[in-house]
Amino acid sequence: MADVVQYRLERMLDELEDLEKRGLFSRPEIAEIVNKRRKFEYKLKRPSPLKQDFLTYIDYEKQLDSLRRLRKKFVSEDLKEQGIKKRKRRSSSDIAGVLRILGIFRLAVTRFKGDIHLWFRYLEFCRERGHGRMKKILPQVLRFHPKVPGVWIYAASWEFDHNLNVAAARALVQNGLRACPESEDLWVEYLRMELTYLNKLKARKTALGEDTGTLARKEGDVDEKQWRDENKDLFMSLDGKKEDVDGTDVQEGESESKKDTFREQGSVILQTIYSGAIEALPTSMSLRKRFLEVLDGIDLAHSEELRKEMMDGMKRDFAKKAEYWDWLARLQIGDLEKTKDMRKKDMLIRLNKAVDVYEEALESMPSTEMFSFYTSFWKDVIAPKGEDSQVFEPTDVSDKTVEFTSRLFKVFEKAESMGCITEDLAYHHISLYLELGRLEEARNLAEKFSNGKLSCSVKVWVLRVSIEMKWTTRESASLSKDDLRSVFELLQNVLSKVAISEAESLWHMAIKFFSSQPKYFKKLVETFLAFLTKENEGNVPLSSAIVHHVLQKDGLQRAREVYKRFLASPHPSLALYKSCIELESNLAFVGDKNALSNARKLYESALTTYNEDTGLWRDYYSMEIKMGTSETVNAVYWRAKKILKDTTELLAPQNL
């Protein structure tokens, strides 16, 4: 190993001498570089080097090469100011850094052939430096990872953009589709590449004066075309000629002008690739949506016919999927972020079209999923995601809120009447009343759901209890005996049916609400203890919350009694022990006389069950070092060493 490392270091001699000769690095700096490289080389020559060893070495060499180039630039500027001509010929140090990095990458991918991310880092480095090794690496990656679509896309993109070799790029994509026929990205990139090439040819014709325009569609073309289609009757000129919807005059009986060859070719290309993609992925709706997005972004011949054909195919194949109807409805209204700039009338027209789609979907396939999409749509209309601003102008905010929330309520009511109400829909229905400040209606609805179809829903019960708490305190902070009793009975009814882990938020809410009511808080603790006897492990955060509340309200002695009862439950968890130990340790630090003794008892009790837990022994040992004596420290240390055996290095003796 040492001979190989020494040989590799000796091969760096010419490069290092050149760096010193040109004044880029001093002799001490070069000595430091040699030491660093020697350490890295020894790591790579281990029997089983780690991937991180290679990456760390590569990062170091990259930083070193960046520093070399920066210093070379400063030296060149200094020579130029002194009137000395810049040396144009590249020396050994100019290329040695890149070659070394490429060599390390080669060793890394040879050892970790299956790491695709490492291969991509290798490729990206070659691309950034414009190194010719790229043409050798790409075939290797494709040979080792033929089932990774990203590799085929990367190779085709390099041939298309860098080498300007369209034939090679097309061949790579087609081979990739044979290897990965179910890759949506490959199909879409194939289409984009062919259309981009066609657009480049058209742009070249335009530059030569033989053609006009490009295949790229302007941003406003789609909306303008839709408006013209909806208002065809307005386009009649005064001289009796019929004006085409594209804005060109066509005499009756006169044939169309010469067709654009490139637009025709683009249309054929899209149809061909689309047919192949649908045959390979007949059940992928996202692929068809991506093809539609590409079609909407370009100007092709018969684009409307193509679009209609795609839409009809989607309806035929996905009419039974709620996702399709949700996408189709949102397609009618477009991007909700942009609708705030529309006129209210135009917005309502689009909105009604989207509503018609949802209603049609509910007639053909009423389902809980469809109602979830429908309600989410209305929520996004009322308040677009990521925006505090409203869809309409500020003056219309109140009208819009009243109008659209009423329509959202109707959707919730329709879901209930059709038997499609779910836990989430009911939760959002009640929450909507709360957001609008309609507490009484929210309370009645929560009571209706919790006593009816959703009697086992934890989310609905939590919401109902929180509403009851708000209802009892809406007028005054002081609660009557009847109010307290009704809320507690409601809580007991829920908590007796649901496991602690499922209703943790409800337990915390109850502890906070009844913390100032000793009678009911005591009953709550008893209920919790009854649960602990049934369950294998107690809920540690909840147990800690109860202990801390008892500590604040009833004092230390009562808190100790409570946590001892928790630990007396069957199979107390290690986390529960640690929570109690933390409490006693904190008290010991502030001077409580009995706290240290109690903490030791807790450690001993925990170690009877968890005696092989290294962390527990380490914490025990650490506490004794801080607060115990030399005898107690040594006693814990030797006991731990005897039990843990091979992990005793974690408990090395420290200076007392």
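Helix 5 gives the second largest pocket the largest share of its lining, 9 residues. I should say at once that this is a predicted model, so please hear everything that follows as computed from that model.

Staying with that pocket: the volume comes out at about 430 Å³. The lining has 16 residues, and the closest to the pocket's centre are Arg11, Met12, Ala96, Leu99 and Arg100. Helix 5 runs over 92–111, and helix 2, at 13–21, also supplies at least two residues of this lining. By class, the second largest pocket is lined by 8 charged, 6 nonpolar and 2 polar residues.

Next, the cavity. How many cavities of 30 Å³ or more does a search of the whole structure find? The search finds 1. The volume of this largest cavity is about 70 Å³. Its lining is made up of Glu15, Leu19, Phe25, Arg37, Glu61, Leu64, Asp65, Arg68, Ser93 and Gly97. Helix 2, helix 4 and helix 5 each give two or more residues to that lining, with helix 4, residues 51–81, among them. Which element gives the most? That is helix 4, with 4 residues. The lining of the cavity divides into 5 charged, 3 nonpolar and 2 polar residues. Helix 2 and helix 5 come up for both spaces: each supplies at least two residues to the pocket lining, and each gives two or more to the cavity lining.

Now to a helix pair elsewhere in the chain. Two packed helices are described by the angle between their axes and by the distance between those axes. Here the pair is helix 26, residues 556–567, and helix 27, residues 574–589. Their packing angle is about 160°, and the axes lie 10 Å apart. Angles over 145 degrees count as roughly antiparallel, so helix 26 is roughly antiparallel to helix 27. The crossing of these two helices is left-handed.

As for who meets whom, helix 26 brings Leu556, Arg560, Tyr563, Phe566 and Leu567 to the contact. On the other side, helix 27 brings Leu576, Tyr577, Cys580, Leu583, Glu584 and Leu587. What is the make-up of this contact by class? There are 9 nonpolar residues, 2 charged and no polar ones.

To put the three side by side: the pocket lining has 8 charged residues, the cavity lining has 5, and the contact of helix 26 with helix 27 has 2. The nonpolar counts, in that order, are 6 for the pocket, 3 for the cavity and 9 for the helix contact.

Methods: Residues numbered from 1 in each chain as written. Predicted model: local features only at pLDDT ≥ 70, side-chain atom pairs only at ≥ 80, totals over all residues. Heavy atoms only, no water. 1 Å grid on protein atoms, 1.4 Å probe; cavity = no way out; pocket = protein on both sides within 12 Å on 5 of 7 lines; lining within 4 Å. Points joined across faces, edges and corners; volume = space filled by probe spheres on them. Nonpolar A, V, L, I, M, F, W, Y, C, P; charged D, E, K, R; others polar. Axes fitted to C-alpha atoms, helices over the stretch in contact; angles between N-to-C directions. Parallel < 35°, antiparallel > 145°, perpendicular 65-115°, else oblique. Left-handed = near helix turned anticlockwise from the far one by under 90°. Contact = heavy atoms within 4.5 Å.
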